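This report describes how helices pack and how individual residues are placed, with the criteria stated as they are needed.

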Amino acid sequence: MKKYALVRFDPKISARRNFIITSLLFAALCFTGCASLGFVTYYDPTTYKNLTDTKPEVLALYDTFSGDSVSQAKIEAVRLKLSQAYEYEKGKGDKNKETYEQIKKIQDMFERHVQERLTGGKWNETHTSNKKQNIADAFDIAIQTERLKNKNE
């Protein structure tokens with residue numbers, strides 16, 4: 001018959017082990033929490049795509065502003081895309097403030113340009129070129145801001 005050694009329960013060792021395990025779990029939770037609450041938001045390919053897809057649509061719409069008629073449907077489509085991009089960015093929270101504020105500036109500029117075209121009549125070639133450059137620069141700032149978040153670069 002074999003003799004089995006009894007394992008004695010030592011409350012001091014158990015308490016120390018529980019303290020260490022609890023401390024390690026707490027530290028792990030803190031580190032993962034801090035990583036997700038960083039100071040700068042992460043690069044978001046959806047944001048980048050929204051901006052790079054909308055920019056040429058706006059520029060193509062501006063090309064039509066030198067004609068006699070203006071497509072309300074195209075204006076509304078661009079407004080919708082800009083609004084969706086803004087809401088998407090704003091939904092990420094205050095850490096993404098720079099990006100959604102830039103999109104808000106683009107929206108405001110777009111609205112000013114549309115109002116100017118609707119009330120002032122068709123644009124000449126120079127005016128169209130200037131307005132396209134202004135809005136393109138605003139988009140480029142937003143695109144660059146998002147691209148800089150990409151840690152792979």
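Which residues in H2 meet which residues in H5? Thr47, Tyr48, Leu51, Thr52, Thr54, Lys55, Val58, Leu59, Tyr62 and Asp63 in H2 are in contact with Thr128, Lys131, Lys132, Ile135, Ala136, Phe139, Asp140, Ala142, Ile143, Glu146 and Arg147 in H5, where contact means heavy atoms within 4.5 Å. By class, this contact of H2 with H5 has 10 nonpolar, 4 polar and 7 charged residues, with Ala, Val, Leu, Ile, Met, Phe, Trp, Tyr, Cys and Pro counted as nonpolar, Asp, Glu, Lys and Arg as charged, and the others, Gly among them, as polar.

The model is predicted, local features need pLDDT of at least 70, side-chain atom pairs count only at pLDDT 80 or more, and totals for chains, interfaces and linings use all residues. Residues are numbered from 1 along each chain as its sequence is written, and side-chain values use heavy atoms, with hydrogens and water left out.

The axes of H2 (residues 45-64) and H5 (residues 125-148) come within 10 Å and cross at roughly 180°, which makes H2 roughly antiparallel to H5 (angles over 145 degrees). Axes are lines fitted to C-alpha atoms, for helices over the stretch in contact, and angles run from 0 to 180 degrees between N-to-C directions; helices are DSSP runs (H or I, at least four residues) numbered from the N terminus.

Two buried residues (under 20% relative accessible area, 1.4 Å probe, protein chains only) are set out below.

| Residue | Place | Relative accessible area | Contacts beyond four places in sequence |
|---|---|---|---|
| Gln107 | helix H4 (residues 97-120) | 12% | Leu82, Ser83 and Tyr86 |
| Asp44 | loop between helix H1 (11-36) and H2 | 4% | Tyr88, Lys92 and Glu146 |

The C-alpha atoms of Asp44 and Arg147 are separated by 8.6 Å, although these residues lie 103 residues apart along the chain.

Note on methods. Helix = DSSP H or I, 4+ residues; strand = E, 2+ residues; numbered from the N terminus. Parallel < 35°, antiparallel > 145°, perpendicular 65-115°, else oblique. Buried < 20%, exposed > 50% of the residue type's maximum accessible area, 1.4 Å probe, protein only.
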